[in-house]
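Q: Please take a close look at one part of this model, the second largest pocket. Then set that part in its wider surroundings.

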Amino acid sequence: MAAITSDLTSAPVLPKWIAPVLLLAFAYGVVPLIGSSYLFEAILLPFLALGLAGVGLNILTGYAGQVSLGSAAFMAAGAFAAYNFNLRVEGLPLIGSIVLAGIVAAAIGIVFGLPSLRLKGFYLAVSTLAAQFFVQWALTKFSWFSNNSASGVIDAPRLSIGGLALDGAVGRYLFALTIVSILTFLAYRLVSSQTGRNFIAIRDNETAARIIGIPVLKTKLLAFAISSFIIGVAGVIWAFAYLRTVEPDGFDLDRSFQILFIIIIGGLASIRGAFFGAALIVVFPLGLSRLGGFLLGDVFDSGVLDMSQRIVLGALIILFLILEPDGLVALWDRIRRRLLFAWQST
Amino acid sequence: MPLASYALGMMDASVYAPEVFARGLPSTPQSSAVGIVPAGSIADAAAPLLALQGIGLSFGGVVALADIELSVNPGEIRAIIGPNGAGKSSLINVISGVYRPDRGHVLLDGVRYGQVPTQRLAHLGVARTFQNLALFKGLSVLDNVASGLAYKVRSNFAGQVLGIGRSRGEQRDSLSRAGQILEFLDLTAVRDRLAGTLPYGLQKRVELARALVAEPRLLLLDEPMAGMTASEKSEMASFVRAARDRFATTVVLIEHDVGVVMGLSDRIAVLDYGRKIADATPDEVRNDQRVIDAYLGVASDNEDGAGI
Ligand SMILES: Nc1ncnc2c1ncn2[C@@H]1O[C@H](COP(=O)(O)OP(=O)(O)OP(=O)(O)O)[C@@H](O)[C@H]1O
Ligand SMILES: [Mg+2]
């Protein structure tokens, strides 16, 4: 009774793991040698942190269908938790602080995911705002979280793994790259597992999912927990590796929207999409400021830049929602297929 | 009695043996105490697998179901017909626990429920399809069908992510069983397509596959042939019959096409305005004056399924 599977497709296709492995080889082997510190500090570090946050949100929103506007809160929870674990628990290695921080973020995610058991769509999105406001309020209100520092701004601890100091731009890049790669790989495994299929089933038809025996409530809370864990760790990378300071202000509602835009532009329910979206969100303001400065000279100051950024980004999101609802990933796949086809027919 | 595991054991022992059906399913002691005598003539020997007692359900002022009695015997194909709005879907929703009846009880295998626990439905050996398609559009056909086995998964997400523990075996098992069902329903050619991209008739068939993969003892089908062409309908009818014969599944079938129903079912219940107006064999129903007045009177128009 063995089912006969035929994996043969018409065109010879490269194995799926080739592209990510080549990419990683390049990211580890080549980029550290040729990259400038500007590339690491201004582009790659925020790209990695936001990409990972996008992966986390995509699990919750893209796969499990639960809209959240609280991503920045979970980033903040992760960053502050890691800071405090590192500060207050003696002898705990940095990696331990980061894992514990992810667990704290996951626990907060479960609490603020509870409304999802009753609320859907727009109403759920509004209720996740509670997480956003509550966490930011708590971090500002109780100075214990920032070790009673007067300004509320604190320096992140120095990065090191197993005694190896990773303080320079390249070191912090490698630190972030490693964590992001591992978590992204695990996320990929998750979404192609039975649990990942349960997420999609609940997103696509909750009643049918319940009828076939998927534990809907448990699965929703699991999605919140896993998503918040990943976003929390992304918050640690954001604060420790990119900014090198820990402060509540950077984790405001704007940041939550930014991560939501990342997955919309990149592609919902796609792991790659989160990185496509993050790349666009990070590179786009830099490109815009260069272009603006080049065209308009001194008139293009930071105020104008900020405003024009918002306008162009808003327009871009509307365009994507209308023209390419499946995001940059779909666009990319289509272009690649065209190229492949053109190449084969020559 | 754990129905699901019972059904599975049966699957392992004699996967495709029709004699399982002929032998019938063992009756539980309690169910004989229920004392419902089936209206039909075929199976008064066996205790009913499913019985509805005095089911009443209304929405605001609309009475969807009024004092419904129904019994379904193991192994039979039980049709429910009636005009639009007669309460057929409501009845299936009550049986599957999607609706809670205002009055009455559902007896599944002799166990009495005020509201059937939807979350445990699969464990109770009950599967269903929906009148409006309820597939998971973003999953492939194979994954849709494999998700019909999700209720049995015992590995947790960490085991699945790391590929350790029982998760590997479960994954392999559910995909291979889903593959078998796809083959059985002639869906192998589309197994890797996204379910949402299939034509309507095929989506209906995938939904049947998703329900069947759990090898349910009781299969509830809400208009599985609606909107199909004549040849698709007869194909679907033969699948339903084959499924019953192969998995010894008891079937409750809602269908508008009287021709299909007459040929396929052992007993037919007729609903009208939430009341049961007849319950008998196809031949008896065909000649029942009240049924003719309420429903079959326009039989010639009904061949294509009234008002779908
Ligand atoms: N969820 C609901 N809310 C309000 N009214 C409902 C609901 N479900 C069913 N009804 C009403 O109950 C009555 C029976 O509906 P039901 O869907 O059970 O009929 P049906 O026999 O399946 O009809 P059809 O052949 O059109 O599918 C109808 O009057 C319908 O409007
Ligand atoms: Mg109906």
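A: Start with the lining of the second largest pocket: H13(A) gives the largest share, 7 residues. Keep in mind that this is a predicted model. The lining has 24 residues in total. Nearest the centre of the pocket lie Arg255(A), Gln258(A), Ile281(A), Pro285(A) and Gln309(A). The space inside comes to about 680 Å³.

Which elements give two or more residues to this lining? They are five helices of chain A: H3 (37–63), H10 (216–243), H11 (253–266), H12 (271–296) and H13 (302–323). Arg255(A) and Gln258(A), two of the residues nearest the centre, fall within the range of H11. Ile281(A) and Pro285(A) fall within that of H12. Gln309(A) falls within that of H13.

By residue class, the lining divides into 15 nonpolar, 4 polar and 5 charged residues.

Next, the chain just after H10, one of the lining helices. Arg244(A) sits in the loop between H10 and strand S4 (245–246) of chain A. Its phi is near 65 degrees, a positive value in a residue other than glycine. Most residues other than glycine have a negative phi. Arg244(A) counts as partly exposed, because its relative accessibility is 40%.

Asn148(A) also has a positive phi, about 55 degrees, and is not a glycine. Asn148(A) lies in the loop between H6 and S1 of chain A. Its relative accessibility is 54%, so Asn148(A) counts as exposed; the cut-off for that class is over 50%.

Phe142(A) is in that loop too, between helix H6 (121–141) and strand S1 (154–155). Phe142(A) is partly exposed, with a relative accessibility of 40%. How far is Phe142(A) from Phe294(A), C-alpha to C-alpha? The separation is 45 Å, for residues 152 apart along the chain. Phe294(A) falls within the range of H12, which helps line the pocket.

For a buried position in chain A, take Ala77(A). This residue is in helix H4 (residues 71–88) of chain A. Its relative accessibility is 7%, so Ala77(A) counts as buried. Leaving out residues up to four places away in sequence, Ala77(A) touches Ala105(A), Ile108(A) and Val135(A). The C-alpha atoms of Ala77(A) and Ala106(A) are 9.3 Å apart, with their positions 29 residues apart along the chain.

Now the partner chain. The contact takes 29 residues from chain A and 32 residues from chain B. Between them the chains bury about 2,600 Å², with 63% of that on carbon and sulfur atoms. On the chain B side, Gln119(B), Phe136(B) and Val161(B) lose the most area to chain A. Together they make up 24% of what that side buries.

Chain B has 13 helices and 10 strands. Of its 308 residues, 57% count as buried. Among contacts in chain B between residues at least 6 apart in sequence, 70% join residues at least 24 apart.

Chain B also coordinates a metal. The magnesium ion (ligand 2) is held by Ser89(B) through OG and Gln131(B) through OE1, at 1.9 to 2.0 Å. Ser89(B) lies in helix H4 (residues 88–95) of chain B, and Gln131(B) in the loop between strand S6 (126–128) and helix H5 (141–147), so the pair ties together parts 42 residues apart in sequence. Gln131(B) counts as partly exposed, at 31% relative accessibility.

How values were computed:
Residues numbered from 1 in each chain as written. Chains lettered and ligands numbered in written order. Predicted model: local features only at pLDDT ≥ 70, side-chain atom pairs only at ≥ 80, totals over all residues. Heavy atoms only, no water. Donors = N, O, S within 2.8 Å, 3.2 Å for Na, K, Ca; no water. Helix = DSSP H or I, 4+ residues; strand = E, 2+ residues; numbered from the N terminus. Buried < 20%, exposed > 50% of the residue type's maximum accessible area, 1.4 Å probe, protein only. 1 Å grid on protein atoms, 1.4 Å probe; cavity = no way out; pocket = protein on both sides within 12 Å on 5 of 7 lines; lining within 4 Å. Points joined across faces, edges and corners; volume = space filled by probe spheres on them. Nonpolar A, V, L, I, M, F, W, Y, C, P; charged D, E, K, R; others polar. Contact = heavy atoms within 4.5 Å. Buried area = accessible area lost by both parts, 1.4 Å probe.
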